Amino acid sequence: MGVIVVSNVKSPKVVLALDSFKGSLSSHEAVAAAAAGVRRVLQDAEILKIPVADGGEGTAQVLAEAASGSMHQVTCKDPLFRDIQCSFGLSKDRETAFIEVAASSGLTLVDPSLRDPLSTSSFGVGQQIKAALDLGARHFIICLGGSATVDGGAGLLEALGARFFKGSEQVKAIPKELTTATRIDASNLDYRLKEASFTVLCDVDNPLTGRDGAARIFGPQKGAGPEEIEFLDEFLTVLGSLYQETTGVAVLDKRHMGAAGGIPAALTAFFDAKIVSGIDFVLDFLNFDTKLLGANLVITGEGSLDHQSLRGKTPVGVCRRANLAGVPVVCIAGRVEPAPQLFLEAGFTAVFSICPGPMSLGEALEQAAELLAFQSENVASCFFATSRPSV
């Protein structure tokens, strides 16, 4: 890969599989903008618009639409226990719920000046699950990413009926209280959870504790300083041990348990959750490989393309599938790390930023749709050697 091949296909098939551009475009808006640009120069093309996500923001809506379902609103607690309105997805048959951690426990819900992972909770995620249970859902797709918490999923469990104790005294399920907890009473967990199954979409493999654990790797972005990081790592060690004592399931040495502040640890220990790659799950759910058949070009993208993208973000996941199908793939992103060889080796035919020149972040966000359409137009024009109509 790495060489743009000029095509003489008169009516090409172009697949647009883009994630959201954070702060500016949803995945639906991104594919619409890209489609508008491609259509300017390929009037007869078959343009397949596929909004995608990798388990982060927007994933619930993408999956709910693919399941012919809908989004449902519920009142729940944000990370600081304030009432907010958030949404989760539900399949048409109401059997499957699509829950985004960020919708109720997201970092963007907490002003930077108020971020305190010793006090923030995933309680709202449990409330979303409970609301979906009320509507009949028994299979849960949990979309991780963007959480404000490092509570090991304790808040989620508390919302579903678990209780945490220090001796005979019940303690609140937040890190600064739970570090002295001695047992968990799971006898009052919602009885309907016995009928439920959980699939967790995860794009990182960090363990719960230690050098690469939830506290040390993700704590700083959630407001933790050096002392808080050490406190949180010790707390997660205590909590992981309590999870094992309560359920018999060891989570301290397992990969993936440190994602989203440790939420997978709670779901794995108490509900035997299955951990899967977010982007691969979404692409399979969308039947993406079949939609690639006969394609002449794939355009993918998201807000930023960098080293972190190679760990399982949308563009790289799409690229891998396109490579396997023998379809050239071009990535358009808001920001592109200047490491061309890295992305060529990953399988991209080419990568481009939507920014045509020096501009502020505010300008780029405000003009994102127009800039994405323009760059998509350029890609289509170059790739298919399209002559523009006379003005």
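Let me begin with one contact, in which the charged end of R183 sits over the ring of F165, 4.2 Å from the ring centre; a charge counts as sitting over a ring if NZ of Lys or CZ of Arg is within 6 Å of the ring centre and within 35 degrees of the ring normal. Before going on, I should say that this is a predicted model, in which local features need pLDDT of at least 70 and side-chain atom pairs count only at pLDDT 80 or more, while totals for chains, interfaces and linings use all residues. Residues are numbered from 1 along each chain as its sequence is written, and side-chain values use heavy atoms, with hydrogens and water left out.

A second contact of this kind involves F81, since K172 lies over the face of that ring, at 4.1 Å from the ring centre. F81 is found in the loop between strand 3 and strand 4, where helices (H or I, at least four residues) and strands (E, at least two) are DSSP runs, numbered from the N terminus. The phi angle of F81 is near 70°, which is a positive value in a residue other than glycine.

Now to the aromatic pairs, of which a search of the whole structure finds eight. Rings of Phe, Tyr and Trp (its six-membered ring) pair if their centres lie within 6.5 Å, and planes under 30 degrees apart count as stacked, over 60 as edge-to-face and the rest as tilted. F81 and F123 have ring centres 6.1 Å apart and planes at 50°, so this pair is tilted. The pair links distant parts of the chain, with F81 in the loop between strand 3 (70–77) and strand 4 (83–90) and F123 in helix 4 (residues 123–134), 42 residues apart. F81 has a relative accessible area of 23% and is partly exposed, whereas F123, at 17%, counts as buried; buried means under 20% relative accessible area, exposed over 50%, and partly exposed in between (1.4 Å probe, protein chains only).

The rings of Y243 and F270 have their centres 5.3 Å apart and their planes at 90°, so that pair is edge-to-face. Because Y243 lies in helix 8 (residues 226–247) and F270 in helix 9 (residues 263–271), the pair ties together parts that are 27 residues apart in sequence. Both Y243 and F270 are buried, and ring pairs link them with F140, F198 and F271 into a cluster.

In the loop between helix 8 and helix 9 we also find A260, which has a positive phi of about 50° although it is not a glycine, and which counts as buried at 11% relative accessibility.

Turning to strand 14 (residues 329–333), five of its five residues are buried. V329, C331 and A333 point one way from the strand, and V330 and I332 the other way. Strand 14 pairs in the parallel sense with strand 12 (residues 297–301) over three bridges, two strands being paired if DSSP finds at least two bridges between them. Strand 14 also pairs in the parallel sense with strand 16 (residues 350–353), over four bridges. V330 stands opposite I299, and in strand 16 its bridge partner is A350.

Finally, the axes of helix 10 (residues 278–285) and helix 12 (residues 314–325) come within 9 Å and cross at roughly 55°, the axes being lines fitted to C-alpha atoms, for helices over the stretch in contact, with angles running from 0 to 180 degrees between N-to-C directions. That makes helix 10 oblique to helix 12, given that angles under 35 degrees count as roughly parallel, over 145 as roughly antiparallel, 65 to 115 as roughly perpendicular and the rest as oblique.
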